[in-house]
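Reader: Please take a close look at the charged side chains that pair up in this model, and follow them out to whatever surrounds them. I would like one connected account rather than a list.

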Amino acid sequence: ESPEKEDDRQKLGVTHLFDLSDEEYQRQYLTYSINDEYLVQSQTPTNETYAKANQTELEVRHLQQIGSYFDWRQKGVVGPIKNQGGCGVCYAFAVAANLEGQYAIKYGRLYSFSEQQILNCDYTNYGCNGGVIANTYDYLSRTNGLGLTSSLPYLQYRQYCYNIPGVARVTGKQFAGSTSSTTIAAFLMSRGPLAAAVNADYFKYYQGGILNLGYYCSSSINHAVTIVGYGMTSTGSGYWIIKNSWGSYWGESGYIRLAWGTCGINSYVLTGIIA
């Protein structure tokens, strides 16, 4: 077994979040709440997710042959890192990043979608006090869809709701239907960047490398992120490449690599479906 690469080794330490008390960190950043019904749904295979999984299962079974790395950023469908600031609206950033990817894959244009629209108008959630990803897709599918950041830039606080032109029209949502890393990897490859939930307790200390705290990291989820790719270490351990919404000075230029299945990351994974 070859030793792990130096830059794969997890680095924890003092970050720009370090001066926040645990209470402040939780209030500002760990606001994601979970609806148990959606949690069950996200892990229950449907005929469609089964078909999708089987279709790419062979590729995944031969990860070595297809290369042990897959990254949607290399395909030009992932926008720049954003920063939610002191407003706990991570669910809106996860949804916007997912839909930016869906739209770019389908229509060949990478837009920046408006988190502020979700913050203002998605009354199924709690604005800066957190929310549930699936609720946001439900809200968007009842309206004319998600508009552009250029129409409504992000302000870090909730305003009254007013209409902007919808660009990404959402017709529904689809869960990964599994907690299996390889099935989620297949779903990621076939569908694009995915919205997901995670336990981000230790993200406060993350500086780089592959975060792998095993059992030390709780699986109770409290933050929403976007999975944009995966990789394998030289010793064959898988990790997700995750886009966060805490600015580009956090983590690895705004990203984190997280060991497969740790910190609850495999428990709640989904995508919006656009028209």
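**A salt-bridge network and its surroundings**

Author: In this predicted model, salt bridges join Asp8, Glu252 and Arg257 into a network. Side chains of opposite charge can pair when their charged atoms come close. Within the network, Arg257 and Asp8 meet through their side chains, with 2.9 Å from N to O. Arg257 belongs to strand β9 (residues 255-259), while Asp8 sits in the segment before β1 (11-12), so this salt bridge ties together parts that are 249 residues apart in sequence.

Both partners are out of the way of solvent by the cut-off used here, which is under 20% relative accessible area for a buried residue. Arg257 has 11% and is therefore buried. Asp8 has 4%, so Asp8 is buried too. Arg257 also has an aromatic neighbour: it lies over the face of Tyr239, at 5.5 Å from the ring centre.

The count for the structure comes to 6 salt bridges. One of them pairs the side chains of Arg73 and Asp71, again with 2.9 Å from N to O. Here the burial is uneven: Arg73 is partly exposed at a relative accessible area of 31%, whereas Asp71 is buried at 3%. Arg73 is placed over a ring as well, 4.3 Å from the ring centre of Tyr255 and over its face.

Another salt bridge is formed by Lys82 and Glu100, whose closest N and O atoms are 2.8 Å apart. This pair links distant parts of the chain, 18 residues apart: Lys82 is in the loop between β2 (69-71) and α5 (90-107), and Glu100 is in helix α5 itself. Lys82 counts as buried at 17% relative accessibility, and Glu100 counts as buried at 2%.

The burial of Glu100 can be set beside that of its helix. Of the 18 residues of α5, 15 are buried, so the helix is largely enclosed by the rest of the structure. From its first C-alpha to its last, α5 reaches 25 Å, close to the 26 Å expected at 1.5 Å a residue. Just after the helix comes Gly108, with a positive phi of about 75 degrees.

The two arginines that lie over rings lead on to the aromatic residues. A search of the whole structure finds 17 aromatic pairs. In one of these, Phe175 and Tyr268 have ring centres 5.9 Å apart and planes at 65 degrees, so the pair is edge-to-face. It links distant parts of the chain, with Phe175 in strand β3 and Tyr268 in the loop between β9 and β10 (269-274), 93 residues apart. Phe175 counts as buried at 7% relative accessibility, and Tyr268 counts as buried at 0%.

Tyr206 and Trp250 make a second example, with ring centres 5.4 Å apart and planes at 45 degrees, so this pair is tilted. Tyr206 lies in strand β5 (residues 206-208) and Trp250 in the loop between β8 (238-243) and β9, so parts that are 44 residues apart in sequence are tied together. Tyr206 and Trp250 are both buried. Ring pairs also link Phe70, Trp72, Tyr230, Trp240 and Trp260 into a cluster.

Trp240 from that cluster turns up again in the nonpolar interior. The largest nonpolar core has 45 residues, and those with the most contacts inside it are Tyr25, Phe203, Trp240 and Ile265. At least two residues of this core come from each of α1 (22-29), α8 (181-191), β4 (194-198), β6 (210-211), β7 (223-232), β8 and β9. Another core, of 36 residues, lies apart from it and includes Tyr32, Tyr38, Leu99 and Leu270. Strand β9 thus has two parts in this account, because it holds Arg257 of the salt bridge to Asp8 and supplies at least two residues of the 45-residue core.

For contrast, consider a residue on the outside. Pro165 counts as exposed, because its relative accessibility is 57%. Its place is in the loop between α7 (133-141) and β3 (170-175). Leaving aside residues up to four places away in sequence, Pro165 touches Asn144, Gly147, Leu148 and Ser151. Of these, Leu148 is 17 residues from Pro165 in sequence and 7.9 Å from it in space, C-alpha to C-alpha.

Terms used. Residues numbered from 1 in each chain as written. Predicted model: local features only at pLDDT ≥ 70, side-chain atom pairs only at ≥ 80, totals over all residues. Heavy atoms only, no water. Helix = DSSP H or I, 4+ residues; strand = E, 2+ residues; numbered from the N terminus. Buried < 20%, exposed > 50% of the residue type's maximum accessible area, 1.4 Å probe, protein only. Contact = heavy atoms within 4.5 Å. Salt bridge = Lys/Arg side-chain N within 4 Å of Asp/Glu carboxyl O. Phe/Tyr/Trp six-rings, centres within 6.5 Å; stacked < 30°, edge-to-face > 60°. Lys NZ or Arg CZ within 6 Å of the ring centre and 35° of its normal. Core = buried A, V, L, I, M, F, W, Y, C linked by side-chain atoms within 4.5 Å. Expected span 1.5 Å × (residues − 1).
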